[in-house]
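Q: I would like a close look at a single part of this model, and I would prefer a connected account to a list.

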Amino acid sequence: MSAEFLTDAALDGLPHGFFTRNGGVSGGAFASLNCSLSGRDDAGAVARNRALAMEAIGQAPAGLCGLFQVHGAAVARVTAPIQPDTRPRADAMVTDRPGLTLGIVTADCGPILFADRKAGVVGAAHAGWRGAVDGVLEATLEAMEELGAHRRDIVAVVGPCIRQPSYEVGPDMRDAAMAQSADAAHFFAPGRREERWQFDLAGYCAARLRAAGAGSVSVVPADTLVEEDRFFSYRRNTLAGGGPIGHQLSAIALPG
């Protein structure tokens, strides 16, 4: 059994992966590589899934660090392994310590992995629309700089998330983004219903990162809602009537 994951050439040489839902041991609605610590899946199965993910990228399962994600902009600095029951309430984390793997879970939101190879600093962020609008990506860059990184040397990769054709939003979301900057209008296409728009979350995140000075920004071409055989999707689950749902893991570490 092997956990399935995607990589990005911009992060070559660094242990990393945008994991799919495939290659785990969970069953039912959580099939099969559910890595969420906050759902209703069997705890033993989740622990095994997270260990399989770490084995796939050559990292020790004990070094996998997670967060209690709250759709905000707080960033945690990680200096030691984080136990599951002591996860900080934050949506991004950074470290300069080899042996620690930064892992975030998503089911439509954007997973973003960061690295400054020269400085030896990595980061990971969970960016739904609210966190992206509130500045979680810029806050991650700032936290990496505090560890010695330089923005011009930071590579950022936006992983699999819900894409514009699948992501209908209402006026509250559009208003919040437009209140930040009128340039946000570029990321909203006319919706299929009145007072609805199709939002380009991946493009919005990438644009914010570029505007903030990240040295290199790329986007993994995948749509979590459409690709049911590869990804969990909160929106797809909601449209189907709700119920239990799994989450995929994205993770990065420094080598050594």
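Taking Arg 130 as the point of entry, does this residue count as buried, partly exposed or exposed, and at what relative accessibility?

A: Arg 130 counts as partly exposed, because its relative accessibility is 42%, where buried means under 20% relative accessible area, exposed means over 50% and partly exposed lies in between, all with a 1.4 Å probe and protein chains only. The model is a predicted one, in which local features need pLDDT of at least 70 and side-chain atom pairs count only at pLDDT 80 or more, whereas totals for chains, interfaces and linings use all residues. Residues are numbered from 1 along each chain as its sequence is written, and side-chain values use heavy atoms, with hydrogens and water left out.

Arg 130 lies in helix α2, where helices (H or I, at least four residues) and strands (E, at least two) are DSSP runs numbered from the N terminus. The C-alpha atoms of Arg 130 and Glu 227 are 23 Å apart in space, and the two residues are separated by 97 residues in sequence.

The helix that holds Arg 130 leads to the largest pocket, which encloses about 750 Å³ of space. A pocket here is an open set of points on a 1 Å grid over the protein atoms alone, where a 1.4 Å probe fits and protein lies on both sides within 12 Å along at least five of seven lines, and lining residues have an atom within 4 Å of a point. Points are joined across faces, edges and corners, and the volume is the space filled by probe spheres set on them. The lining consists of 35 residues, and those nearest the centre of this pocket are His 71, Cys 109, His 126, Tyr 234 and His 247. Three elements, namely β6 (101-106), α2 (129-134) and α6 (234-239), give two or more residues to that lining, and β6 gives the most, with four. Sorted by class, the lining of the largest pocket holds 16 nonpolar, 13 polar and six charged residues, where Ala, Val, Leu, Ile, Met, Phe, Trp, Tyr, Cys and Pro count as nonpolar, Asp, Glu, Lys and Arg as charged, and the others, Gly among them, as polar.

Of the residues nearest the centre of the largest pocket, His 71 also stands out in its backbone, with a positive phi near 60° in a residue other than glycine. Most residues other than glycine have a negative phi. His 71 sits in the loop between β3 and β4 and, because its relative accessibility is 37%, counts as partly exposed. A second non-glycine residue with a positive phi is Asp 108, at about 140°, and this residue belongs to the loop between β6 and β7. Unlike the partly exposed His 71, Asp 108 has a relative accessibility of 7% and therefore counts as buried.

Helix α2 also has a part in the surroundings of helix α3. Because eight of the eleven residues of α3 (136-146) are buried, this helix is largely enclosed by the rest of the structure. The buried residues are Val 136, Leu 137, Glu 138, Ala 139, Thr 140, Leu 141, Ala 143 and Met 144. Their cover includes α2 and α5 (201-211), together with the strands β4 (75-77), β5 (92-95), β7 (110-116) and β8 (121-127), where contact means heavy atoms within 4.5 Å. Just after α3, Gly 148 takes a positive phi of about 110°.

The second largest pocket offers a contrast, with a volume of about 290 Å³. It is lined by 19 residues, and the closest to its centre are Leu 37, Val 46, Ala 47, Arg 50 and Pro 84. At least two residues of this lining come from each of α1 (43-56) and β3 (64-65), and α1 has the largest share, five residues. By class, the lining of the second largest pocket has eleven nonpolar, five polar and three charged residues.

One further backbone feature lies before α1, in the loop between β2 and α1, where Ser 32 is found. A cis peptide bond with omega of about -5° joins Ala 31 and Ser 32, although most peptide bonds are trans.
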